[in-house]
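Hello,

Here is the structure I promised to pass on. Have a look at it first, and then read on for what turned up.

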Amino acid sequence: MSRPPPVSPPSPLVLADVSTAAEPPRRASEAASHPVAVLTLVAHPHLARVGERLVLEDLLAGQEWVLSRNAPDFTPASSAFGAPLGDPFLSRKPFLRFNRTEAGIRVSVGPDGKCTSDGLPLGDAREWSLEEVRAGIPLELAGRLALLLHLSDPRSTSARSLPGMVGESVGLRRVRKDIERVADLDLSVLIRGETGTGKELVAQAIHQQSTRAKKPFLSINLGAIPKELAAAELFGAAKGAFTGAHQARDGFFRAAQGGTLFLDEIGEASAEIQVMLLRVLETGELFPVGASTPVRADVRLVAATDADLDTHIRDGRFKAPLIHRLAGYEIQLPPLRERREDIALLFLHFAREALESIGESHRLTPGDPYQEPWLPPALAVRLLRHSWPGNIRQLRNVARQLVVGSRGQSQLELGPRLAQELETPLPLARPPAPESPEAEPVARRKSTEVTEPELLEALRAQDWDVKRAADHLGIPRSSIYNLIERSPVIRLAGDLSVEELTRCFHECQGDLDAMVRRLEVSRRALSRRIKELGLG
């Protein structure tokens, strides 16, 4: 990255050279353990530049950074070479200054700068806490460009680009790395994530990177199969096995022979199907309905769910041995609201598809630099601020409707219905969990190796988020629930009396984080208990 020459500190709004920062040298291990501040382009008149990043190295350690039209360079993920913002409506003089403060990061605006955040002018300066920056701060420049100021994890390792997986957020990089780790190992994989986060796309990527890539890939939604037909559909049926079975049926397992079978909504599987799946995973054999002879099944199983299978296990709706077999390796997909720096790139990916379908691909090519941008920065910021309950699937639908609804116009326009849909603001994001260590996916730790003090320390360190604590300890989530239930010192949320819970709720003024720290119980279980009592 090119840097302007150093200048004297007292001069107004200057470009500083990192080498002049008065900071004691840090060990590599210390530097790698701290997040870094990043500016990501989320709107630019030249749309191909959306997604380019400027890493504000050492900003959090006290180094000042200053922005102008001509410096510094923003670089795409696929290149080491970049370019400055370059828009003719921006000042050649430095117009934004970024400084670390005791509370967080301050952004100062020079006399030639026009900057707003969430539609409000910044004035001379504005300060955000690191927690707010971690969630992401949108900055609109001169009504032409938009940036997202956010934090990133320097430990996030790059992984090969995979078809359809658009973005460079820490969460997506972690998913790509998980796919690389497990694709060629022929293990069964369990993909967890909210609806619309792209679980089938991950399953396809695992198949395409595996040794089975030239064999069939079948995708089955268990929630869409009538329960009375599920066994025959999956495992096949012998002729005459049931009324209407006039000939033998192969079923999906045999149709996917040698390849990969993706079972979405695995939490919808009936008790009968769970038993049959467990047998296939344990023995590699299946019995078609009505048959007395087993059939060999050479199929890799990838399952997915948006349900809380661990709760299903405790409720007796899902068999613990099956989840252990399914989760030879587990991949957790982040929701879109935790991938804010990817939203603009994803939007353009889907907009490109829609533009091609209506013959307006020219909207994406650079034109007159003084023309109004096709993607208004205010609209890009609105997309960033939405909570996206439907995740990527919802974003794709919004992109399509925006493109078609603005057909023939020089700019995208938000109609009344879409404006209403995008009203929900994005809540402050929780810090992302640290990236899991580089390790072979088969190396799972046994729950019996976890000591009582170690369990308690992990739960406290992860704010009593049981899933994150399990990841930290390297054990399955179902195992950590067993450890908690057997522990003589750890309480369950259900053990709390109504009086204790009510008193704590009022003393903490309803602050769930404060209640978790005081009561030391599972965050999710406590939240559920509060709602059951009508306190929240």
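How many residues lie between S4 and S5 in the hairpin they form? The answer is three. Before I go further, please keep in mind that this is a predicted model.

**The chain as a whole**

The protein chain has 536 residues, and 49% of them are buried. Its secondary structure amounts to 19 helices and 17 strands. If you take the contacts with a separation of 6 or more, 66% of them are between residues 24 or more positions apart.

**The sheet around S4**

The hairpin belongs to an open sheet of four strands, in the order S3-S4-S5-S8 and with antiparallel pairing. The edges are taken by S3 and S8 (125–129), each of which has a single partner strand, so one side of each has no neighbour in the sheet. On average, neighbouring strands here are turned by 20° against each other, direction ignored.

To follow the pairing, start at S4 (residues 96–100). On one side, three bridges connect S4 with S3 (residues 65–67) in the antiparallel sense, and there you will find Leu67 opposite Leu96 of S4. On the other side, S4 is joined to S5 (residues 104–109) by five bridges, again antiparallel. Arg100 has Ile105 in S5 as its bridge partner.

Is S4 enclosed or open to the outside? Four of its five residues are buried, so the strand is largely enclosed by the rest of the structure.

**Helix H11 and what covers it**

Next, please find H11 (residues 377–385). Its buried residues are Pro377, Leu379, Ala380, Val381, Leu383 and Leu384. Both strands and helices help to cover these residues: the cover includes strands S1 (36–43), S9 (137–141) and S10 (145–152), along with helices H10 (340–358) and H12 (391–405).

**H10 against H12**

Those two helices also pack against each other. The axes of H10 and H12 come within 8 Å and cross at roughly 45°, which makes H10 oblique to H12. Their crossing is right-handed. From H10, the contact uses Ile343, Leu346, Phe347, Phe350, Ala351, Ala354, Leu355 and Ile358, while H12 brings Ile392, Leu395, Arg396, Ala399, Arg400, Leu402 and Val403. Sorted by class, the contact of H10 with H12 has 13 nonpolar residues, two charged ones and no polar ones.

If the spacing of the residue numbers in such a list catches your eye, there is a general reason: an α-helix has 3.6 residues a turn, so residues three or four places apart point the same way.

**H18 against H19**

Another helix pair is worth opening in your viewer. H18 (residues 512–519) and H19 (residues 523–532) have axes that come within 10 Å and cross at roughly 115°. The two helices are therefore roughly perpendicular to each other, and H18 passes H19 in a right-handed crossing. Leu512, Asp513, Met515, Val516 and Leu519 of H18 make this contact with Arg523, Leu526, Ser527 and Ile530 of H19. By class, the contact of H18 with H19 has six nonpolar, one polar and two charged residues.

Happy to go through any of this with you on screen.

Best wishes

Key. Residues are numbered from 1 along each chain as its sequence is written. This is a predicted model: local features need pLDDT of at least 70, side-chain atom pairs count only at pLDDT 80 or more; totals for chains, interfaces and linings use all residues. Side-chain values use heavy atoms; hydrogens and water are left out. Buried means under 20% relative accessible area, exposed over 50%, partly exposed in between (1.4 Å probe, protein chains only). Two strands pair if DSSP finds at least two bridges between them. Contact means heavy atoms within 4.5 Å. Axes are lines fitted to C-alpha atoms, for helices over the stretch in contact, and angles run from 0 to 180 degrees between N-to-C directions. Angles under 35 degrees count as roughly parallel, over 145 as roughly antiparallel, 65 to 115 as roughly perpendicular and the rest as oblique. A crossing is left-handed if the near helix is turned anticlockwise from the far one by less than a right angle, and right-handed if clockwise. Ala, Val, Leu, Ile, Met, Phe, Trp, Tyr, Cys and Pro count as nonpolar, Asp, Glu, Lys and Arg as charged, and the others, Gly among them, as polar.
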